[in-house]
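Colleague: Got a minute to walk me through this one? I'd like to go over the packing and then the sheets.

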Amino acid sequence: MTRPAGPPTPAPDGPKAVSRFEYNLVCVLRFLLGHFPADRGLQLVRAAAARPPCLSATAADLVKDSLAKACVLFLVRAGGWRDERFLRDRQPAGGRAWDRWPSDERALSFSGHVVEFLLWATAERVHETGASWDAPPAELTAADELFFWLAFDACRADGDLVAVLRRKAAFRQNRLLWLTAPAELTDDEEPAPPDFALWCAGTRAVVLECLQPVLTARWLRSERAKGQVGDWRRMRHQGRAEAATLAAFLDAAHAAGRTDLARFVLQTNSVLFRTDLAPDFWTEGLAAGGSPGRLADRLDARRAALAVPRQMDTLSNWQAAARGVGYFDDDYAASQLWKQTWEAADGDAVAARAAAAVAAIDPLRSGQPVAGSGQQADPTPAG
Amino acid sequence: MSRAYRITLKESETRRLTAGDEISTRLEILEILPPEDMATLLRNELKGRGFEEQPDGTLVRKDGDLSVTVDPCTGEVTVAAGAEATVSQEARRDATGFNDIGPNEGAMRDRVKDQLKQELDKRFEAEQQKLQARATERLEKHLNDIQPEVSEVVNKVTRDALKEKARQMGTVTEISEDEETGNLTIKLEV
């Protein structure tokens with residue numbers, strides 16, 4: 001007789017056993033996702049380790065677990081938890097992100113490119129490696145792009161790493177990176193941002209909905225920091241990149257009927273223009289000593305500095321169009337939502353203040369004398 | 001026996017330097033009438049102020065090296081200043097060599113020639129910057145002068161457009177304008 005088989009032995013408690021390389025890889029992953037001390041994480045990314053042929057099942061499980069939980073947690077904390085209204089099938093849908101969208105439409109799915117990147121980042125000294133790694137942007141999923149955006153953000157404190165990563169197509173074409181730090185991705189005089197159409201539908205649009213508060217905060221921080229920029233060329237470069245990116249994004253959002261995804265642009269301007277603002281808010285740091293000789297170049301840099309307020313022109317046009325939509329028109333519900341957003345942000349006053357700030361830069365429209373240093377007196381914008 | 005020798009080279013050059021600066025902006029003209037009618041009003045007003053129509057439809061007024069160009073269709077105004085100058089520069093340099101330890105005369109002459117060329121380039125660059133600064137200064141001064149005129153043109157075109165619009169709406173019975181405040185009152189019978 002044999003004794004009947006007992007219940008299966010439970011797995012022992014305690015940490016799962018992985019190799020040193022796998023441990024490092026999980027630490028790098030957690031660092032990139034913001035759940036591991038940055039100094040130690042950066043050390044691991046800058047260090048080399050012998051790469052095994054593959055990961056053990058335990059390590060793979062840990063990677064999956066970290067990616068799934070940390071990315072979702074990030075999106076929820078970023079703004080997914082907010083009870084807000086966004087468009088779904090051209091109709092406003094309210095609630096938190098998980099109330100607005102069924103799970104299959106908001107599920108994050110990561111491709112093998114993320115694991116390949118983690119293996120590369122753990123095995124190589126990223127800042128000086130000759131080993132090539134890159135991922136074709138067309139093959140990246142929404143979750144991949146979110147991850148690479150978070151990864152770039154985590155490495156931002158290290159200039160060497162940023163210099164390497166920004167050359168990779170996976171980062172260079174990352175739409176979220178373009179939306180948060182366009183000047184870091186281009187060296188061109190005429191920046192060419194990628195097409196944002198993909199980000200105005202499906203899971204990517206859900207991610208963008210969640211990220212609205214983060215995007216607003218980033219743009220606000222960037223706008224407030226412009227007053228400290230003393231380099232005219234840098235200001236022009238940054239402003240041009242921002243203008244091109246925002247214009248491309250607003251075009252894509254409008255074409256996709258997802259004007260609600262551009263809420264962060266309106267919110268940024270709304271916070272900036274609670275009161276009248278003179279152009280000096282953006283340009284007072286520009287050093288008179290290092291100013292370009294030509295007035296045309298100085299004006300170009302000063303105009304570029306106000307790339308964000310300039311977008312209010314486009315948003316005002318959207319508002320005018322929304323006002324003209326009738327009750328029986330297809331886009332009535334969407335236009336109502338836009339008008340509510342506009343009114344909540346005090347859009348008319350914000351647009352007027354933004355237009356006044358933009359006009360005050362212009363020597364022929366400001367009614368102010370053109371000072372030789374390229375600095376103009378404060379205008380009195382219409383409220 | 002070592003013998004020293006000295007060579008003196010002189011280079012002179014004359015260059016025609018040009019510098020320019022310009023700014024462009026768009027006039028804020030309200031669309032009271034259809035765009036083509038607004039463009040006509042703007043064109044007429046500018047012609048009355050000495051602007052000349054060009055084959056491409058733009059209106060230009062020149063004052064020496066300064067020019068103001070207006071595209072009445074788009075309202076784009078470009079104010080440009082240019083400066084030109086013919087500048088002569090001369091540079092001279094001495095160098096000493098030794099017949100036994102060198103450098104030999106040919107090599108020394110080439111080296112000094114290069115140095116002279118660099119010096120001349122530097123001087124021309126300084127002249128170019130001065131010329132550029134002069135053009136920019138003139139542009140800035142001109143902008144201050146032209147600002148009131150631009151405002152006047154915009155106001156005049158707006159007033160004319162309002163009058164025309166009123167005529168289209170009915171019979172104008174009274175028009176009163178206050179030059180000081182800029183108020184325009186039009187009474188009409190519809």
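Modeller: Sure, let's begin with two rings: Phe249(A) and Phe264(A) are both buried. Keep in mind that this is a predicted model.

Colleague: OK, how are the rings of Phe249(A) and Phe264(A) arranged, and how far apart are their centres?

Modeller: Their centres are 5.5 Å apart and the planes make an angle of 45°, so the pair counts as tilted. In sequence they sit 15 residues apart, and the pair links distant parts of the chain: Phe249(A) belongs to helix α12 (residues 232–255) of chain A, and Phe264(A) to helix α13 (residues 263–272) of chain A.

Colleague: And what about Trp318(A) and Trp338(A), what kind of pair do they form?

Modeller: That aromatic pair is edge-to-face, with 5.4 Å centre to centre and 70° between the planes of Trp318(A) and Trp338(A). Trp318(A) comes from helix α17 (residues 312–323) of chain A and Trp338(A) from helix α18 (residues 332–344) of chain A, 20 residues apart.

Colleague: Are Trp318(A) and Trp338(A) buried or exposed?

Modeller: Trp318(A) is buried, and Trp338(A) is too.

Colleague: How many aromatic pairs are there over all chains?

Modeller: The count is 20 over all chains. There's also one aromatic cluster made of Phe117(A), Trp120(A), Trp133(A), Phe147(A), Phe148(A), Phe152(A) and Phe171(A).

Colleague: Now the core. Which residues have the most contacts inside the largest nonpolar core?

Modeller: Leu32(A), Phe117(A), Phe147(A), Phe171(A) and Phe249(A), in a core of 127 residues. That core takes at least three residues from each of domain 1 (20–173) and domain 2 (192–383) of chain A.

Colleague: Let's zoom in on one of those. What does Phe147(A) touch?

Modeller: Leaving out residues up to four places away in sequence, Phe147(A) touches Leu29(A), Leu32(A), Leu33(A), Leu67(A), Phe110(A), Val114(A), Phe117(A) and Leu118(A). Apart from the largest core there's another one of 16 residues, including Leu9(B), Leu17(B), Val112(B) and Ala135(B).

Colleague: Back to the domains of chain A. What separates the centres of domain 1 and domain 2?

Modeller: 30 Å, taken over C-alpha atoms. As for contacts, 28 residues of domain 1 of chain A meet 23 residues of domain 2 of chain A.

Colleague: And chain A overall, how many helices and strands?

Modeller: Chain A has 19 helices and two strands. Its C-alpha trace spans about 100 × 55 × 30 Å along the principal axes, and 50% of its 383 residues count as buried. If you take contacts in chain A between residues at least 6 apart in sequence, 73% of them join residues at least 24 apart.

Colleague: Quick backbone check. What is phi of Asp89(A), and where does that residue sit?

Modeller: Phi of Asp89(A) is near 55°, a positive value in a residue that isn't glycine. Most residues other than glycine have a negative phi. Asp89(A) lies in the loop between β1 (86–88) and β2 (91–93) of chain A, and with a relative accessible area of 68% Asp89(A) is exposed.

Colleague: How about Asp346(A), what are its phi and its relative accessibility?

Modeller: Asp346(A) has a positive phi of about 55°, and it is not a glycine either. Its place is the loop between α18 and α19 (347–361) of chain A. At 41% relative accessibility, Asp346(A) counts as partly exposed.

Colleague: Switching to chain B. What's the strand order in the five-stranded open sheet?

Modeller: In chain B it goes β1-β5-β4-β3-β2, with antiparallel pairing. The edge strands are β1 (4–26) and β2 (52–53) of chain B, each pairing on one side only.

Colleague: Over how many bridges do β4 and β5 of chain B pair?

Modeller: Six bridges, between β4 (residues 66–71) and β5 (residues 76–98) of chain B, in the antiparallel sense. Val70(B) stands opposite Val77(B) in β5(B).

Colleague: Which strands does helix α1 of chain B lie across?

Modeller: Helix α1 (residues 35–48) of chain B lies across β2, β3 (59–63) and β4 of chain B, and runs at about 20° to β3(B).

Colleague: Last one: what do β6(B) and β7(B) form?

Modeller: A hairpin with six residues between the strands, where Gly182(B) in the turn has a positive phi of about 85°. Strands β6 (residues 171–177) and β7 (residues 184–189) of chain B run antiparallel and are joined by six bridges. Across the pair, Glu174(B) stands opposite Lys187(B) in β7(B).

Terms used:
Residues are numbered from 1 along each chain as its sequence is written. Chains are lettered from A and ligands numbered from 1 in the order in which they are written. This is a predicted model: local features need pLDDT of at least 70, side-chain atom pairs count only at pLDDT 80 or more; totals for chains, interfaces and linings use all residues. Side-chain values use heavy atoms; hydrogens and water are left out. Two strands pair if DSSP finds at least two bridges between them. Helices (H or I, at least four residues) and strands (E, at least two) are DSSP runs, numbered from the N terminus. Contact means heavy atoms within 4.5 Å. Axes are lines fitted to C-alpha atoms, for helices over the stretch in contact, and angles run from 0 to 180 degrees between N-to-C directions. A nonpolar core is a set of buried Ala, Val, Leu, Ile, Met, Phe, Trp, Tyr and Cys residues joined through side-chain atoms within 4.5 Å. Buried means under 20% relative accessible area, exposed over 50%, partly exposed in between (1.4 Å probe, protein chains only). Domain bounds come from an automatic or database domain assignment. Rings of Phe, Tyr and Trp (its six-membered ring) pair if their centres lie within 6.5 Å; planes under 30 degrees apart count as stacked, over 60 as edge-to-face and the rest as tilted.
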